[in-house]
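The following exercises are to be worked through with the sequence and the model at hand. Each task is followed by a solution in steps.

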Amino acid sequence: MNGKDLFTVDRDGHIAWLTLNRPEKRNTMSLAFFNELTVQFSEFDKDPTIRVVVIKAEGKSFTAGLDLIEAASIIPENGTAYEREKMRRKIISLQENISSIEKCRKPVIAAIHSHCIGGGVDLISACDIRFAAKDSVFSIRETRLGIIADVGSLQRLPYIIGHGWTSELALSGRDFTAEEAFQMGLITRLCEDRESLYKEAGKLAAQIAGCPPMAVAGVKEMLLYTRENGVHNGLSYVAQKNASALPSKDLFEAVGAFMEKRTPVFTGE
């Protein structure tokens, strides 16, 4: 299957809806899926008219995780150093594919229904915000298959849900419900069904898209920078960031609109 066929993209104003489109395979993540993910998020990042991305999925599952049959092709057939190095580089490439979500300057909302298994947890961990329908089921399933999750869950989840929850879920590989995910903070909105899920995701996306885009991008950048570099380095960086970015046309527009009691129109300038 062509990589481009694994996704569809729909535009709604400044919002891009990226839909996982392999429903007959429960949206399992093939090698082509990973490669195309980077292509899509590179395009979103470069497009000034897109301000927010929402990820959703067609079919019965959000994603059943890695396509295990195809993934077997990257496991070394022998124990040579060359083959093992080739596998290491492939894993790093897959990590970079998932990280393309996080590196995209536009906020990304995951709208999850039904199964979100294995690689699906890696994927949503790289998103900025996660909503889920009540029927959602999650699992860091790799452990139960004799694999160490290696494309982001173990690195990102401790910052989202804490070390304790991450340890329990990753060490056991057990399934956990949408209600549990909501209680631990993995998802921030628990929705009754897919219809309300997409409505709520669209509503928040519209609110974000209505804010000055450079400020939104700066908030995302600052949150990630502080996660990686600590509170005091983050404070120093945001001071420098605002000193160089302000004033802006959007700032004057925000103040003017407030004074004139009208809806602001932001241009990203």
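A salt bridge is a side-chain nitrogen of Lys or Arg within 4 Å of a carboxyl oxygen of Asp or Glu. The model is predicted: local features need pLDDT of at least 70, side-chain atom pairs count only at pLDDT 80 or more, and totals for chains, interfaces and linings use all residues. Residues are numbered from 1 along each chain as its sequence is written, and side-chain values use heavy atoms, with hydrogens and water left out.

**Exercise 1.** Determine which residue forms a salt bridge with Glu-102, and state whether the two are buried or exposed.

Solution.
1. The partner of Glu-102 is Arg-156, with the closest N and O atoms 2.9 Å apart.
2. This pair links distant parts of the chain, 54 residues apart: Glu-102 lies in helix H3 and Arg-156 in helix H5 (residues 153-161). Helices (H or I, at least four residues) and strands (E, at least two) are DSSP runs, numbered from the N terminus.
3. Glu-102 and Arg-156 are both buried; buried means under 20% relative accessible area, exposed over 50%, and partly exposed in between (1.4 Å probe, protein chains only).
4. A network of salt bridges links Glu-102, Arg-156, Arg-227 and Glu-228. In total, the structure holds 20 salt bridges.

**Exercise 2.** Describe the separation of Glu-83 and Lys-86 along helix H3.

Solution.
1. Glu-83 and Lys-86 form a salt bridge, and their closest N and O atoms are 3.8 Å apart.
2. Because the two are three residues apart in helix H3 (residues 81-103), about one helical turn separates Glu-83 from Lys-86.
3. Lys-86 is partly exposed, at a relative accessible area of 45%.

**Exercise 3.** Explain why Cys-116 and Cys-211 form no disulfide.

Solution.
1. A disulfide is a pair of cysteine sulfur atoms within 2.5 Å, and the structure holds zero disulfides.
2. For Cys-116, the closest cysteine sulfur belongs to Cys-127 and is 9.1 Å away, too far for a bond. Cys-116 is buried, with 0% relative accessibility.
3. For Cys-211, the closest cysteine sulfur is that of Cys-104, 17 Å away and likewise too far for a bond. Cys-211 is partly exposed, with 35% relative accessibility.

**Exercise 4.** Establish how strand S6 is enclosed and which strands pair with S6.

Solution.
1. Five of the five residues of S6 (residues 129-133) are buried, so this strand is largely enclosed by the rest of the structure.
2. In a regular strand the side chains alternate between the two faces of the sheet. On one side of S6, Ile-129, Phe-131 and Ala-133 are buried, and on the other Arg-130 and Ala-132 are buried, so that both faces are covered.
3. Two strands pair if DSSP finds at least two bridges between them. Strand S4 (residues 108-112) pairs with S6 in the parallel sense over four bridges, and strand S9 (residues 189-191) runs parallel to S6, joined by three bridges.
4. Phe-131 is the bridge partner of Ala-111, and Arg-189 in S9 is the bridge partner of Phe-131.
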